2 protein chains.
Amino acid sequence: MNQAAKRPFQDRMDALQARLLEMAGETEALLATALDALRGRSADGARRVIAGDAVVDSLEVGIDEASLEILALEQPMAIDLRQILATLKISNDLERVGDHSVKIANATLRLAELRPVPAFPQLEEMTGLAPEMLAQALRSFTTKDPELARSVRARDDAMDDLRTASHRILVSHMLEDPRRISPALELIHVSQSLERVADLATNIAEETVFLVEGQVIRHQPETFPSP
Amino acid sequence: MNQAAKRPFQDRMDALQARLLEMAGETEALLATALDALRGRSADGARRVIAGDAVVDSLEVGIDEASLEILALEQPMAIDLRQILATLKISNDLERVGDHSVKIANATLRLAELRPVPAFPQLEEMTGLAPEMLAQALRSFTTKDPELARSVRARDDAMDDLRTASHRILVSHMLEDPRRISPALELIHVSQSLERVADLATNIAEETVFLVEGQVIRHQPETFPSP
């Protein structure tokens, strides 16, 4: 048995959570860089995001391996098991947020070559709401706060409405001026990625509720009042 | 301790695999129905997909619970642990295939109201390749065949090329005739969902390689020859 295997259980659990927090920080920074690059039409920023996603990917692989090691070498109790399974799911959600940041960066690179579409508030609002929901979901997980987690889920409806409105506006630009078809299509893809980031934040919030209350709220209608 | 808790370990593992196979069957049927409805512009078929996704969702929740129960009540050895973690990941991938089937069904409902876009072979080919890759990936998992799994991954590049070609064709339809903007946009979304199904099939194949060989091939460049 190697040195690592002799570490006390709680040390391993703490190290696993520290890795997840590191991954969360890297993912939030990647998304923020992608959104700054989108707003400023910065090709340099977009390229940094595309290169930086490898860090998020390798953190996910490390979390998978560390989780498997704990499960194999220790016999975690039910509450710790839940924590490990939630960590695995959340690291997978974060990896997908990283993928969407790359998609936004790729769209930004293509948009830099295209005629700009006039800005509109719904898309701007989505670029603010998605990282906010992600930050809130991650805070609800680290502070084990199911009420905060539920408030993330409630905001997801606002995101869906913004996506529908953005879609309608972008299609009307396409209909008015064929030269706007390609750039509007890129922004439709960006708005889809932002909606998906909000969905992934909602997944993280739902994992938190499950972890704290043992209640599966995925695939269930909302039964709690919106804030 | 209830009756369920007294079941021998291997019975529980077999039951878990049976649930995953059931979920795989339901998911493949849902995707097939969605693609038939798309080809035949069948609103009835599309509505059956939208209603049927709840079955896939509830199977995923059941697999999560059964996995947690095995981990909590038994002390699975490393190989069984890997099998359980792979099952959790694959059931999550299948749930996402279900979500994409619903997206295709929703697009089909909207397309039924719109002027048709002329058919083209690349999209037709994607509707054949995506379910084939999924079936192959699931077979590689159940038969523990890493070579079959690697061949799924190799086909993912063909899918990406078809998606790029479809995108170009659909944008040219939009540019030629503004009345085709909305239906072409729906088909762009369909082609994205098909590409995502192929990605999820590739995930399942990569889980299989990891399970059999203990080697993480996610986030790694392809180093094996294509077939």
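Partly exposed here means a relative accessible area between the 20% under which a residue is buried and the 50% over which it is exposed. B:Arg115, at 38%, is therefore partly exposed. Keep that scale in mind for the salt bridges below, and note that the model is a predicted one.

**Salt bridges**

Across all chains, the whole structure holds 30 salt bridges. Here are three of them, with the gap between the closest N and O atoms.

| Partner 1 | Partner 2 | Closest N and O atoms |
|---|---|---|
| A:Glu74 | A:Arg12 | 3.2 Å |
| B:Asp64 | A:Lys89 | 2.5 Å |
| B:Arg115 | B:Asp177 | 3.9 Å |

Let's start inside chain A, where A:Glu74 pairs with A:Arg12 at 3.2 Å. A:Glu74 sits in the loop between helix H2 (43-73) and helix H3 (78-111), while A:Arg12 belongs to helix H1 (residues 9-39), so this pair ties together parts of the chain that are 62 residues apart in sequence. Both A:Glu74 and A:Arg12 are buried.

Next comes the pair of B:Asp64 and A:Lys89, with their closest N and O atoms 2.5 Å apart. This one crosses between chains: B:Asp64 is in helix H2 (residues 43-73) of chain B, and A:Lys89 is in helix H3 of chain A. On the accessibility side, B:Asp64 comes out at 12% and counts as buried, whereas A:Lys89 has 22% and is partly exposed.

Back within a single chain, B:Arg115 bridges to B:Asp177 at 3.9 Å. The two belong to distant parts of chain B, 62 residues apart: B:Arg115 is in the loop between helix H3 (78-111) and helix H4 (121-142), and B:Asp177 is in the loop between helix H5 (146-176) and helix H6 (181-213). B:Asp177 is buried, with a relative accessible area of 11%, and its partner B:Arg115 is partly exposed at 38%.

There's also a network to point out: salt bridges with shared partners join A:Arg12, A:Glu69 and A:Glu74.

**How the two copies sit**

Now for the symmetry. A turn of 180 degrees, with a shift of 0.0 Å along the axis, lays chain B on chain A with an RMSD of 0.0 Å. The two copies are thus related as by a two-fold rotation axis. In chain B, B:Gln75 has the C-alpha nearest that axis, 3.2 Å from it.

The contact surface fits in here too: 100% of the interface residues of chain B are also interface residues in chain A, so the copies meet through the same surface.

Notes:
Residues numbered from 1 in each chain as written. Chains lettered and ligands numbered in written order. Predicted model: local features only at pLDDT ≥ 70, side-chain atom pairs only at ≥ 80, totals over all residues. Heavy atoms only, no water. Salt bridge = Lys/Arg side-chain N within 4 Å of Asp/Glu carboxyl O. Helix = DSSP H or I, 4+ residues; strand = E, 2+ residues; numbered from the N terminus. Buried < 20%, exposed > 50% of the residue type's maximum accessible area, 1.4 Å probe, protein only. Least-squares fit on C-alpha atoms with pLDDT ≥ 70 in both. Contact = heavy atoms within 4.5 Å.
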